[in-house]
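Thank you all for coming. I would like to take a few minutes to walk through one chain, starting from its strands and ending at its helices, so please have the picture open as I speak.

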Amino acid sequence: MGNQRILLYFTLFFIIYLLWAQWQVDYGPKPVATTTAQVQKNLDQSEQTPSADVPQAASKGAAEPSMSSIAGDASLSNERIRVVTDVLDLEIDTRGGDIRRLVLREYSVTAKNPEDHLVLMTDEQINFQIAQSGLVSVNKGTAPSHNTIYKSENNIYRLAEGEDEIEVPLYWENDEGVKVKKVMRFRRGDYVIDVDYFVTAAGDKWTGSDYMQVVRSRPVEGDGNAFIYTYTGGVVYNDEIKYEKYDFDDIAEDNLNYQLKDGWLAMIQHYFLVSWIPEEGKNNLYFSRYNRDKDHYTLGTRTSAVSIEPGETGKISSRLVVGPKLQNKLEETAPGLDLTVDYGVLTIIAKPLFWLLNFFHDFFQNWGWAIIFLTLTVKLIFYKLSEMSYRSMAKMRKVAPRVQKLKEQYGDDRQAMSKAMMDLYKREKINPMGGCFPILVQMPVFISLYWVLLESVEMRHAPFVLWLDNLTDKDPYFVLPIIMGISMYVQQKLNPAPIDPIQQKVFQIMPFAFTIMFAFFPSGLVLYWVVNNILSIAQQYVITRRIENS
C-alpha cells in the first residue's frame, strides 16, 4: 500500500474523528442525576426558595425566606466597586456582590493590539456573563441573596506594590441583628478569588448554606480560528461522574438537578473559563436554569447546610476561578479542573505531549521552537515504526515496474491479477500492510498533538520568527501551507504510484487540496505538519535509496 493511500485513509480517519467529536457534543449521552440517601438528607436541611433562579425546595414544610431579604432594601441603591490587581481589572456590584465585569490584563483580544485587553465577563447584552453568589436560610429574612444590596467601605481597591493580596469586604445586617460579612480575596498573579461569608447569628440558631452560579448568554464573538471548533458551554465535575458537559441547548431543554459530593462547575470557552468551586467536603446540588425572556443560561450549585449558634460567627467559603486555562495552575487549584483544557478522549496521550512541549518552551522560551523539537522527539520515538513503513513502501516502489507488467498481462482479470501480485510480494518478502500499520499506530498521537496545539492558552498569540507573529492564527502570507503542499508533493514522488488511474488523479490533487485547507489552520499546527513532513522525507529518502541500491 502506497504512502498516498495511507495518507488518504489517515485524512478520512481524522475527518471522521472530528465529526464523531462534534456528534458527541451535540447528541452524546447527558448526565443522569445520581442520588444517595446521605446526600438527600444533608440537602433537605437547607431546602428553600431564595429566588426564581436558585433551585426550589424539595422537602416538605421547609421554611421560606422573606421576600424582603430576596429583593433587598428598595431604599438602597447599588454601586460598583472597582478592583485592580496585576492580572485582573473587575467591577463588583454591591447588589449581591456580583462580578459584573472582568478584564484580563495579561491577555489581549488580538495579537496586533496588545493594549486592547480581553473582557471575559460583562453585563452588556452581547456576550453577557456574570458570576453570582449568595446565602439561603430556613430562618426568614436572615440570608442575603444575590439580589440583596450590601454596604461597602470603599469603591476602589488596588493591589499596591509590595502587597501580595487585598480583601474587599461587603456588609449586611437585618432588623433581628443577623450580620453577614462577605469578603472577596484577591492575590498577586492569581486568577482564583476566595469568597468567604462570615455569618453572626442573633437570637435564634442560624441554619443555611451558600449558593453560587454563572449566568451567561450564548457567545456572539468567537475567540480563535473560525474553521476550528472548540466547545463553549457548561461543565460539571466530581470524582463520581468525572467530566460532564452541559451545553446551552441542554440547559434550555431541561433543568439540571444533580446531587453530588464536592466537585465544581464551570462555563468554559476556548482558552478561558469561569468556575465555581464549593468548599471541600460538602454535598452539593448542581442546578441549571434558562431565562427565555433574556436568553440567559444559568449553571450553579448550592451546598449542604451549616448551623450557627446564637451569638457565634460561622464561616462559609467557596472559590471562583476566572481567567485562562493554565494547565499547571488548574491542577493545583482543584481535582479535575485541568480537564477544562478539553483534549477529548485522548487526554491520556495529550497530557504527556503538553508536558514535553512545555519542557521545550522552558528551554527555548519560544513556542515555535518548542513545536519543532516536540515534533523531532515524536519522530524519534516512532523512528522504528516509520522505518518499517518506509522499507515496505521502498520495496513496493522497487517492484512497481513488475506490478505494471502484471497489470498489462492480466488486463481486466482482477482475481488473477491480485493472486499474481500476492505471489510477487511473497517472493520478494513484501508485506503490503507493512506501510499501513505504523501510520495507524501514530494516528492517536497526531490527533492528541492537534488538540494540544489547539487548546493550550499558553500558546495563544505566541510569536515564532519573522512574519509568524501568532502561532494560534493562520499564516498571514500562507508561506507554511505552501511549503507543506510542496513537501507532500515530494513525498508522493518517493512513493510507489498507485496502479488505479482514479487513485492517481486523487493523489495528484491532494497536495493542492491540503494546501488550501491548511491555509486557514493555526500556523502552529501547520508548523508541526511541515516539520514532520520534512523529517519524513529525509528518512524515507535514505531508506528508499538504500533499498533500491541493494
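When I say strand, I mean a DSSP run of type E with at least two residues, and the strands are numbered from the N terminus. With that in mind, please find Tyr171, which lies in strand S8, spanning residues 165–173. I should say at once that this is a predicted model, and every value I quote is computed from it.

Is Tyr171 buried or exposed? Tyr171 is in fact partly exposed, because its relative accessible area is 29%, and buried would require under 20%. Leaving aside residues up to four places away in sequence, Tyr171 touches Tyr150, Lys151, Glu153, Val180 and Lys181. With Glu153 there is also a side-chain polar contact of 2.9 Å. Ile149, which is 22 residues from Tyr171 in sequence, has its C-alpha 8.9 Å from that of Tyr171.

Let me now widen the view to the sheet. Nine strands make up an open, antiparallel sheet, and their order is S6-S8-S9-S10-S20-S16-S15-S12-S13. The edges are held by strand S6 (151–152) and strand S13 (242–246), each of which has a single partner strand, so one side of each is left without a neighbour in the sheet.

Moving inward, S8 pairs with strand S9, residues 179–187, over nine antiparallel bridges, and here Glu173 stands opposite Lys179 of S9. The hairpin of S8 and S9 has five residues between its strands, among them Gly177, whose phi is positive, near 95 degrees. S9 in turn runs antiparallel to S10, with seven bridges joining them, and Met184 has Val195 of S10 as its bridge partner. In that second hairpin, which has four residues between the strands, Gly189 takes a positive phi near 65 degrees. Strand S10 (residues 192–200) then pairs with strand S20 (residues 313–324), again antiparallel and over nine bridges, where Tyr197 is matched with Ile316.

What about the interior? The largest nonpolar core has 60 residues, and those with the most contacts inside it are Leu88, Ile92, Ile99 and Phe186. Ile92, for one, has a list of contacts beyond four places in sequence that includes Ile81, Val83, Ile99, Val168, Leu170, Met184 and Phe186. A second core, separate from that one, has 59 residues, including Ala266, Ala334, Val341 and Phe518.

That brings me to the helices, and to Asp338, which sits in the loop between helix H5 (327–333) and helix H6 (347–364). Asp338 counts as buried because its relative accessibility is 9%. Its side chain makes a polar contact of 2.3 Å with that of Lys351, and, beyond four places in sequence, Asp338 touches Gln327, Leu330 and Glu331 as well as Lys351.

H6 itself has 18 residues and reaches 25 Å from first to last C-alpha, close to the 26 Å expected. Which residues of H6 are buried? They are Thr347, Ala350, Leu353, Phe354, Leu356, Leu357, Asn358, Phe360 and His361. As background, an α-helix has 3.6 residues a turn, so residues three or four places apart point the same way. After H6 comes Gln365, with a positive phi near 55 degrees.

To close with the whole chain, there are 14 helices and 20 strands, and 54% of the 550 residues count as buried. Of the contacts with a separation of 6 or more, 67% are between residues 24 or more positions apart.

How values were computed:
Residues are numbered from 1 along each chain as its sequence is written. This is a predicted model: local features need pLDDT of at least 70, side-chain atom pairs count only at pLDDT 80 or more; totals for chains, interfaces and linings use all residues. Side-chain values use heavy atoms; hydrogens and water are left out. Buried means under 20% relative accessible area, exposed over 50%, partly exposed in between (1.4 Å probe, protein chains only). Contact means heavy atoms within 4.5 Å. A polar contact is a pair of N or O atoms within 3.5 Å; within protein, one must be able to donate a hydrogen and the other to accept it, and residues adjacent in sequence count only if both atoms are side-chain atoms. A nonpolar core is a set of buried Ala, Val, Leu, Ile, Met, Phe, Trp, Tyr and Cys residues joined through side-chain atoms within 4.5 Å. The expected span of a helix is 1.5 Å times one less than its number of residues. Two strands pair if DSSP finds at least two bridges between them.
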